[in-house]
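Student: Please take a close look at the site around the ligand in this model. Once that is done, set it in the context of the rest of the chain.

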Amino acid sequence: MALEGAYFTHSDGLYEAAERRKAPRCVDSGKRLQKKAKFILLELIPMVIKLVIVALPGLLRDLLRTILPARHKSIANQVALVTGGGNGLGRALCLRLAQDGCSVAVADIDLVSAQKTAEEIRQRFGKPVDAFRVDVGDYGSVQQLRKDVERSLGPVDILVNNAGLLAMLSLSEGKAEDIRRIIDVNLMAHFWTIREFKEGMVERGRGHIVAICSMFGIIPCGRTISYTTTKFGVKGLMAALKEEIYMDDLSDCIHTTCVYPAGVATRKEFVDFVQSLSKIKIPWNSPESVANMVVDAVRANKAEIVPSHFMIKLLTTVFPLIPTALVHSTVDVCLGTVPKLTK
Ligand SMILES: NC(=O)c1ccc[n+]([C@@H]2O[C@H](COP(=O)([O-])OP(=O)(O)OC[C@H]3O[C@@H](n4cnc5c(N)ncnc54)[C@H](O)[C@@H]3O)[C@@H](O)[C@H]2O)c1
């Protein structure tokens, strides 16, 4: 199947509509019923039985995994790369991964902060560590990062896509290029790093890809359209990636974890600003507690986690079932009328 050409080249007026074939409808109602019964007995029921038989071992395994305490794999001596490792949640993730025995590549656009995290790891854990400057929104920079990390620490086993811009712009706010930058850093970066690092994981037969998404990747939030869009994109990317890994028969060696944090007390100006918008006290999580939950989830090969308080976990689970009127009244009670966030 090579359809690419059809989409990447354009010829005016040459669009060809697909044929729509309709099965001829049987006029005799007795015959129609007979046909339906034949289909149910000979095709549908055998297919359902086959499906149940094929799915049963997997369903039982998932049930046992839910009931029994998770078995944690060792990540000692693996190479972990954390983007945005200079500050906030990324820094906490670097420290916890080093504590669990990983060699850590701290990658950030802010090299000074990345070097500070690396120095802290050296002093506290004595593990191999290095700091790298990267702009994750730029594919060339990510390609260079892979070469640099492999030269310094070896091939990457655990890729943590954490770097993100917390800039919350709506559609008409900021400059057009600000919106593009949010999409490049928060979403496109995941494409670039996975494209660059997954192949090596497949060759070596082991790897784990982690995405730091957001609660806003499950629950959309007005006034933050660009940020929310990127996080929904990350959720979709990770869900499709997991399916592709299954199709490629790699589920036993390559694992994925998508993380949906709620408020994490990282940057002071961000926390103060968000708190000033809210009528209720936001239950902020510390970066360290979130990092602990993320690394525990990685070691248990969990595909998704909401590293937050019970009520937030519950909310993200039941959100698709909540009627819009209730969602809107909750926004009114908690936030009131939120002004546009920027001019
Ligand atoms: N803080 C929260 O409340 C919260 C909630 C949900 C999700 N998240 C997500 O967690 C992740 C980390 O957020 P944080 O609060 O620690 O942010 P932060 O601003 O404290 O840290 C982000 C780090 O990423 C780096 N960075 C920014 N652009 C980069 C680029 N182009 N290339 C490489 N590095 C870059 C920054 O220099 C910084 O060190 C983000 O993806 C964010 O969307 C945060």
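Tutor: What follows starts at the ligand and then moves to the cavity, a pocket, some buried side chains and two loop residues.

This is a predicted model, in which local features need pLDDT of at least 70, side-chain atom pairs count only at pLDDT 80 or more, and totals for chains, interfaces and linings use all residues. Residues are numbered from 1 along each chain as its sequence is written, and side-chain values use heavy atoms, with hydrogens and water left out.

The protein chain contains eleven helices and seven strands; these are DSSP runs numbered from the N terminus, with helices being H or I of at least four residues and strands E of at least two. Its C-alpha trace spans about 80 × 55 × 50 Å along the principal axes. Of its 343 residues, 38% count as buried, where buried means under 20% relative accessible area, exposed over 50%, and partly exposed in between, with a 1.4 Å probe and protein chains only.

Around the ligand there are 30 residues, and D108, Y227, V264, T266 and R267 come nearest; a residue is near if one of its heavy atoms lies within 4 Å. By class this shell has 16 nonpolar, eight polar and six charged residues. The classes are Ala, Val, Leu, Ile, Met, Phe, Trp, Tyr, Cys and Pro as nonpolar, Asp, Glu, Lys and Arg as charged, and the others, Gly among them, as polar. Three helices, α3 (88-99), α6 (176-204) and α7 (225-247), each supply at least two residues of the shell.

Two of the ligand's approaches involve backbone atoms. A backbone N or O atom of I109 lies 3.2 Å from a nitrogen atom of the ligand, and a backbone N or O atom of V134 lies 3.3 Å from a ligand nitrogen atom. For R267 a side chain is involved: one of its polar side-chain atoms lies 2.5 Å from an oxygen atom of the ligand. The protein covers 95% of the 830 Å² of accessible area that the ligand has on its own, by the Shrake-Rupley method with a 1.4 Å probe.

Helix α3 also appears at an internal void. A search of the whole structure finds one cavity of 30 Å³ or more, and the largest cavity has a volume of about 30 Å³. On a 1 Å grid over the protein atoms alone, a cavity is a set of points where a 1.4 Å probe fits but cannot get out, whereas a pocket is an open set with protein on both sides within 12 Å along at least five of seven lines; lining residues have an atom within 4 Å of a point. Points are joined across faces, edges and corners, and a volume is the space filled by probe spheres set on them. The cavity is lined by L93, L97, I158, V160, V210, V294, V295 and V298. Elements giving two or more of these residues are α3, β4 (158-161) and α9 (287-299), with α9 giving the most, three residues. The lining has eight nonpolar, no polar and no charged residues.

The second largest pocket, of about 1,400 Å³, is lined by 32 residues, of which R61, D62, R65, H255 and N301 are the closest to its centre. Two or more lining residues come from each of α2 (29-67), α7 and β6 (254-259), and α2 gives the most, with nine. By class this lining has 13 nonpolar, seven polar and twelve charged residues.

Strand β6 also holds T257, which is buried because its relative accessible area is 0%. Its side chain makes a polar contact of 2.7 Å with the side chain of H208, and the T257 side chain reaches the backbone oxygen of K302 at 2.8 Å. A polar contact is a pair of N or O atoms within 3.5 Å; within protein, one must be able to donate a hydrogen and the other to accept it, and residues adjacent in sequence count only if both atoms are side-chain atoms. In helix α6, E196 counts as buried at 10% relative accessibility, and its side chain makes a polar contact of 2.7 Å with that of R146.

Finally, the loops. Most residues other than glycine have a negative phi. N77 has a positive phi of about 70° although it is not a glycine; N77 lies in the loop between α2 and β1 (79-83) and counts as exposed at 60% relative accessibility. D249 has a positive phi near 60°, sits in the loop between α7 and β6, and is exposed at 70% relative accessibility.
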